[in-house]
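The following exercises concern one structure and are each followed by a worked solution. Please examine the sequence and the model before reading on.

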Amino acid sequence: MNTMPDITATLLVGGMGTRLRSVVPATPKPLASVGNRSLLELLVRQLRCQGIRRLVMCSGYLADQIESTFGDGRAWDVAIEYSREQQPLGTAGALKLAQRHLQKADEFLVMNGDSFLEIDFNQLVRFHRERNGLASMAVVPVADTGRYGTVRVDPAGRVVGFTEKTGAHGPGLINAGVYVFSHAIFEHIPEGPASLEKDVFPIVLERGIYTLEQHGMFIDIGTPEDYARAQVLCDRLCDAAFGR
């Protein structure tokens, strides 16, 4: 894969992980073990393997554990800065708080810290530049969207809307939690608690949100059932993180 030494990746790792607390009671969700490594370590290694070495971690719940585990990142040959929220801010609020770390970035990656997607980050960045929109989103086709909200797109892959989780079954596209944003996204994020998915994306559709469909492995460890599935897939997750 081509590498991108200059782009910054922002990882959203501050969530409280309430649904997973029955199996991971005293650890922030991104530090939950998958095999003998945490999911967050796999994400850091995946980024480093593709040449992305500047990371910003948006921490919050049990932030001390994350910050003491990863420090400044030198053990993983990356440079990590932290943006710690003092109250739950949601995905958009956490990103807004991290804006000072991204002042010089024309564009940047954003990733959920509780899911893993097998993806070529360079391809997503190139796609974003070619479309010249405000945001680009990795999406994954699934056979049953019953437990997800879905992304509605036009034939060109431009997002036209979002459908909340309804429990209805059938195929569709889901948001995989990996994005490239242009710096202008900050103009549309309010101060304080806010959600990218519910508060920001719906109001910036006219500015252009484009989707790049992915067909690699995707897993979200947000529920005990999916966390158990991640253990079964841990060897494949490690291979994907290390680019093997």
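**Exercise 1. Describe the lining of the largest pocket**.

Solution. The lining of the largest pocket comprises 41 residues, and those nearest its centre are Arg19, Thr91, Asn112, Glu197 and Asp220. The model is a predicted one, and the total for the lining uses all residues. Next, consider the secondary structure: two or more lining residues come from each of helix H3 (90-97), strand S9, strand S10 (159-163), strand S11 (172-182), helix H5 (196-200) and strand S13. Of the contributors, S11 gives the most, namely five residues. By class, the lining consists of 16 nonpolar, 15 polar and 10 charged residues. Finally, the space in this pocket amounts to about 1400 Å³.

**Exercise 2. Determine whether Thr150 is buried or exposed, and list its contacts**.

Solution. First, locate the residue: Thr150 belongs to strand S9, which spans residues 150-153. Second, apply the cut-off: a residue is buried when its relative accessible area is under 20%. Thr150 has a value of 16% and is therefore buried. Third, identify its partners: with neighbours within four places in sequence left aside, Thr150 is in contact with Thr145, Gly161, Phe162, Thr163 and Leu173.

**Exercise 3. Establish which residues of helix H6 are buried and where they lie around the axis**.

Solution. Helix H6 covers residues 224-232, and its buried residues are Asp226, Tyr227 and Ala230. These residues span an arc of only 105° around the axis, so they lie on the same side of H6. The face turned away from that buried side carries Glu225 and Val232, which are exposed. To complete the picture, the buried residues of H6 pack against strand S2 (33-34), strand S13 (218-220) and helix H7 (234-241).

**Exercise 4. Characterise the packing of helix H1 with H7**.

Solution. Begin with the geometry: the axes of H1 (residues 39-49) and H7 are 8 Å apart, and the two helices pack at an angle of about 30°. Then assign the residues: H1 contributes Leu42, Arg45, Gln46 and Cys49, while H7 contributes Leu237, Cys238 and Ala241. Sorted by class, this contact has five nonpolar residues, one polar residue and one charged residue.

**Exercise 5. Place Leu97 in its surroundings**.

Solution. Leu97 lies in helix H3. Its relative accessibility is 37%, so Leu97 counts as partly exposed. Apart from neighbours within four places in sequence, the contacts of Leu97 are Ser83, Arg84, Glu85 and Leu89. A further relation concerns Glu191: this residue is 94 residues from Leu97 along the chain, yet the C-alpha atoms of the two are separated by 8.1 Å.

**Exercise 6. Compare the phi angles and the settings of Leu62 and Asn132**.

Solution. The starting point is a general expectation: most residues other than glycine have a negative phi. Leu62 is not a glycine, but its phi is positive, at about 50°. Asn132 also has a positive phi, near 60°. Turning to location, Leu62 is in the loop between strand S4 (54-59) and helix H2 (63-70), whereas Asn132 is in the loop between helix H4 (121-131) and strand S8 (135-142). As to accessibility, Leu62 has a relative value of 31% and therefore counts as partly exposed. Asn132, at 66%, counts as exposed.

How values were computed
Residues are numbered from 1 along each chain as its sequence is written. This is a predicted model: local features need pLDDT of at least 70, side-chain atom pairs count only at pLDDT 80 or more; totals for chains, interfaces and linings use all residues. Side-chain values use heavy atoms; hydrogens and water are left out. Helices (H or I, at least four residues) and strands (E, at least two) are DSSP runs, numbered from the N terminus. Buried means under 20% relative accessible area, exposed over 50%, partly exposed in between (1.4 Å probe, protein chains only). Contact means heavy atoms within 4.5 Å. The arc is that of the directions from the helix axis to the C-beta atoms. Axes are lines fitted to C-alpha atoms, for helices over the stretch in contact, and angles run from 0 to 180 degrees between N-to-C directions. Ala, Val, Leu, Ile, Met, Phe, Trp, Tyr, Cys and Pro count as nonpolar, Asp, Glu, Lys and Arg as charged, and the others, Gly among them, as polar. On a 1 Å grid over the protein atoms alone, a cavity is a set of points where a 1.4 Å probe fits but cannot get out, and a pocket is an open set with protein on both sides within 12 Å along at least five of seven lines; lining residues have an atom within 4 Å of a point. Grid points are joined across faces, edges and corners, and a volume is the space filled by probe spheres set on the points.
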